[in-house]
Amino acid sequence: VPLQASGGGLVQAGGSLRLSCVVSGISTINYMAWYRQTPGNQRELVALIFSSSETNYADSVKGRFTISRDNAKNTVYLQMNSLRPEDTAVYYCKVLTPDRSAFWGQGTQVTVSS
């Protein structure tokens, strides 16, 4: 499996979690990203980091979430602070290669209690 996500769990509102996604077998990456999805809704982009290290964030998480990457470990992280109940979702990591091939991780559940 090219992408292995981990780090989800149950946390109280105001708490923090860090998600990790280990990438294997993919040599060249255009960008790495985190998405989230709630039941009955489309998957939405949370944060994205390009190979240049430029980042983009959804407005709803700006100032609270930070995406980063460790190239030596082939890992992308999502540090989530000041979590809110509305952040509850299944979080997925995604990699896009220069030839536009997309790879997804298996999803990790984040639950924020009020």
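**Charged pairs and a buried lysine**

Tutor: Let's start with one pair: D59 forms a salt bridge with K62, their closest N and O atoms lying 3.1 Å apart. Keep in mind that this is a predicted model.

Student: Okay, is D59 buried or exposed?

Tutor: Exposed means over 50% relative accessible area. D59 has 64%, so the label that fits is exposed.

Student: How many salt bridges does a search of the whole structure find?

Tutor: The D59 and K62 pair is a salt bridge. Searching the whole structure gives a total of four.

Student: Which residues are joined into one network by salt bridges that share partners?

Tutor: Look at R36: E44 forms a salt bridge with R36 at 2.7 Å, and D87 forms one with R36 at 3.0 Å. D87 is in the loop between strands 8 and 9, while R36 is in strand 4, 51 residues apart. Salt bridges with shared partners build a network of R36, E44, R64 and D87.

Student: Is E44 buried, partly exposed or exposed?

Tutor: Its partner R36 is buried at 7%, and D87 is buried too, at 1%. Partly exposed covers the range between 20% and 50%. E44 has 38% relative accessibility, so E44 is partly exposed.

Student: What about K94, which side chain does its side chain make a polar contact with?

Tutor: K94 is in strand 9, and K94 is buried yet has no salt bridge. The nearest side chain of opposite charge, D99, is 12 Å away, whereas a salt bridge needs the atoms within 4 Å. K94 touches several residues, including L3, M32 and W104. At 3.0 Å, the polar contact of its side chain is with the side chain of Y31.

Note on methods
Residues numbered from 1 in each chain as written. Predicted model: local features only at pLDDT ≥ 70, side-chain atom pairs only at ≥ 80, totals over all residues. Heavy atoms only, no water. Helix = DSSP H or I, 4+ residues; strand = E, 2+ residues; numbered from the N terminus. Buried < 20%, exposed > 50% of the residue type's maximum accessible area, 1.4 Å probe, protein only. Lys, Arg positive; Asp, Glu negative; His and termini not counted. Polar contact = N/O pair within 3.5 Å; in protein donor to acceptor, adjacent residues only side chain to side chain. Contact = heavy atoms within 4.5 Å. Lists of a residue's contacts leave out its neighbours within four places in sequence.
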